[in-house]
Amino acid sequence: MVLWLGLARSNADVDFAKIYEALTSLMSKSKQQLTEAAMTRHHIVKEMRGYLDELKLDLSGVPVIHVAGTKGKGSTCAFVESILRHHGYHTGLFTSPHLIHINERVRIDGRPCEGKRFCSAFWSVWDCLKNSKNFNGKMPRYFQFLTLVAFSVFFDPKRPVDVIILETGVGGRLDATNVFAKPVVTGITKIGYDHMKVLGNTLTQIATEKAGIMKKDVPVITCSTQDEEAFKALQKAAKEKGVLHSKLDVQKPLGEVMKLGLEGDHQRENAAVAMALAHSFLERTACNPPPTPPPDQKSQGIQGFPRFSPEKLRESLKATTWPGRCQTLPLRRGGKLCIDGAHTSDSCARVGEWFSKQVIKEREKRGNKSVETRLIFTCSLGRDPVVLMKEIFTRLAAINALPTLVLSCPFDWDKFTLKACNPLPNLLKTHNLPRPPNPPPTLSKEIEVKTTKQEGPIKGCKPTKGDWQITLLQVWHALSLHSSKSTEGAEINSDRSVPVCTWGHGRGRGGGGKAEEKTKLKVCELRFAPSAKLALECVEQRAGEGTLTLVTGSLYLSGNILGAYGFKM
């Protein structure tokens, strides 16, 4: 779990430090604790009901839209929230993880819960459960606790919301959010392979866990792009649970006629599911008859959704924002950051396609001049970086846009990357990749590590030497070597599509000068940076018009880079 202590200006008068310290005590820190947490997941929903009783929180007063899925559920929830807010509803949105600040998880009318209000709810829940005799000092787990804080905010009798849009954490059946007997409507976004140690190794198993949020006589909406195996599992669950009409409401991707505030073709799938969720909510809760549709409604592409105001719908979709997902930001010296928290094979493939389109657009904008690309990549320890990186590598290689600089940095507050780790031999053997030359021993010391109050590891941890990050860089090197070998004998242009890799030293602009001069080929420089802030600085030093930098591999990395950039939520 990642914690970030930087404070937004809107939160400058709030001391979150004690909140982060309290939350850290709820995290599973050792392998034994993580194993115990996984083994006792079946108690989570029962525990949540006990905590809710202790807090005297009545969840029957506000209608809920519940969304599960592997990919796109956060974006889908953001679309739903925007649609309903533009139609006059006072909304509450709960999502995870946060990117920069903890209160981003709890949003009121599209904005992170005001700092003082969040802190008040946090300590109210904390004190009640900590002092309760019914639990003997046993506190909820990290995600359970934050879910309770969100409910405390949303169900505040003095300031209740009109509707809650609720994103699951992991899975659905045993998720801490699955405590509502009858939500108004449920949604299942695209199913893929993720959290397999907890949810299962097949799409059938994963989809069945996600389907745990389905309820009797409650409509279930999903996308038409579901994998066949996952779709069959969802359809089976829908019949068994007796959902409305005993079947799934399947939505095709939204047409190009509607402009979206979120980039990426896959967002049209999420927007279509979101429109159906929001409209189903209006149908099942609104007392007023639907407005008379205008004569040109069909031409506006919203036929079948009579309760929407066409103007408000168009405005809401265009105004939707969801940071860290296919997001572009300008750099001071020119060029752009392209940020997405993709962390599964499918999502990395989609991000690779999205970034490739950004490169092509930039080339056309510059009169077909070359566009230099860079990559900042980090994924969580335990994920297979070859699978993720390969999706990006192959798509950039296909358009001759492989990066000339690849950086990897640890998450600002990730406890796992602080441990020595070198699974490279097993990764190379599993994927039949060539072993790259070992990096020089001075690599991890190329930039001085500075620890300050707002930037550095949590108490008790030492700055990482970058073992895992160096492994990631070596994986990219191995992919380059493998690609070079596979293209031997094939015709390639003088610019060469597969760069030679070299290890970077120091803080200057020079990278592989000798290697580049000797081979007269494009050189890809590999660099380890001890923090996201320093990784961003390295990219900005080399920025210029026509340069594009992709940041991906984890939502935590996206959040750390956005924090270093100074992005305001």
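**Cavities, helix packing and loop residues in a predicted model**

A search of the whole structure finds five cavities of 30 Å³ or more. The structure is a predicted model. The second largest cavity holds about 70 Å³ of space. Its lining is made by Thr95, Pro97, His98, Leu99, Glu104, Arg105, Arg107, Trp322, Pro323, Arg325 and Met569. By type, the lining of this second largest cavity divides into five nonpolar, two polar and four charged residues.

The protein chain has 569 residues, and 56% of them count as buried. The chain contains 18 helices and 15 strands. Contacts between residues at least 6 apart in sequence were also examined, and 79% of these join residues at least 24 apart.

Two cases of helix packing follow. Helix α1 spans residues 17–24. Its buried residues are Ile19, Tyr20, Ala22, Leu23 and Thr24. The buried residues of α1 pack against two helices, α5 (115–130) and α6 (142–154).

Helix α5 also meets helix α3 (residues 44–55): the two axes come within 10 Å and cross at roughly 100 degrees. Helix α3 is therefore roughly perpendicular to α5. On the α3 side, the contact is made by Tyr51, Glu54 and Leu55. On the α5 side, Val125, Cys128 and Leu129 take part. The residues of this contact of α3 with α5 divide into five nonpolar, no polar and one charged. Two packed helices are described by the angle between their axes and the distance between the axes.

The loop between β2 (91–94) and β3 (106–108) contains Ser96. Pro97 is placed in the loop between β2 and β3 as well. A cis peptide bond joins Ser96 and Pro97, with omega at about -5 degrees. Most peptide bonds are trans. Ser96 counts as buried because its relative accessibility is 15%, under the 20% cut-off. Leaving aside neighbours within four places in sequence, Ser96 is in contact with Arg105, Phe143, Glu167, Thr168 and Gly169. Arg105 is also among the residues that line the second largest cavity, as is Pro97.

Thr202 is found in another loop, between α7 (196–199) and α8 (203–210). Its relative accessibility is 32%, so Thr202 counts as partly exposed. Not counting residues up to four places away in sequence, Thr202 touches Tyr193 and Glu229. Thr202 and Ala230 are 28 residues apart along the chain. Their C-alpha atoms are separated by 8.8 Å.

Backbone angles were examined in the loop between α9 (228–241) and β8 (249–251), where His245 is found. Ser246 lies in the loop between α9 and β8 too. Most residues other than glycine have a negative phi. His245 is not a glycine, yet it has a positive phi of about 65 degrees. Ser246 also has a positive phi, near 55 degrees, and is a residue other than glycine. Accessibility was then computed for each residue. His245 counts as exposed because its relative accessibility is 65%, over the 50% cut-off. Ser246 has a relative accessible area of 34%, so Ser246 is partly exposed.

Technical notes. Residues numbered from 1 in each chain as written. Predicted model: local features only at pLDDT ≥ 70, side-chain atom pairs only at ≥ 80, totals over all residues. Heavy atoms only, no water. 1 Å grid on protein atoms, 1.4 Å probe; cavity = no way out; pocket = protein on both sides within 12 Å on 5 of 7 lines; lining within 4 Å. Points joined across faces, edges and corners; volume = space filled by probe spheres on them. Nonpolar A, V, L, I, M, F, W, Y, C, P; charged D, E, K, R; others polar. Buried < 20%, exposed > 50% of the residue type's maximum accessible area, 1.4 Å probe, protein only. Helix = DSSP H or I, 4+ residues; strand = E, 2+ residues; numbered from the N terminus. Contact = heavy atoms within 4.5 Å. Axes fitted to C-alpha atoms, helices over the stretch in contact; angles between N-to-C directions. Parallel < 35°, antiparallel > 145°, perpendicular 65-115°, else oblique.
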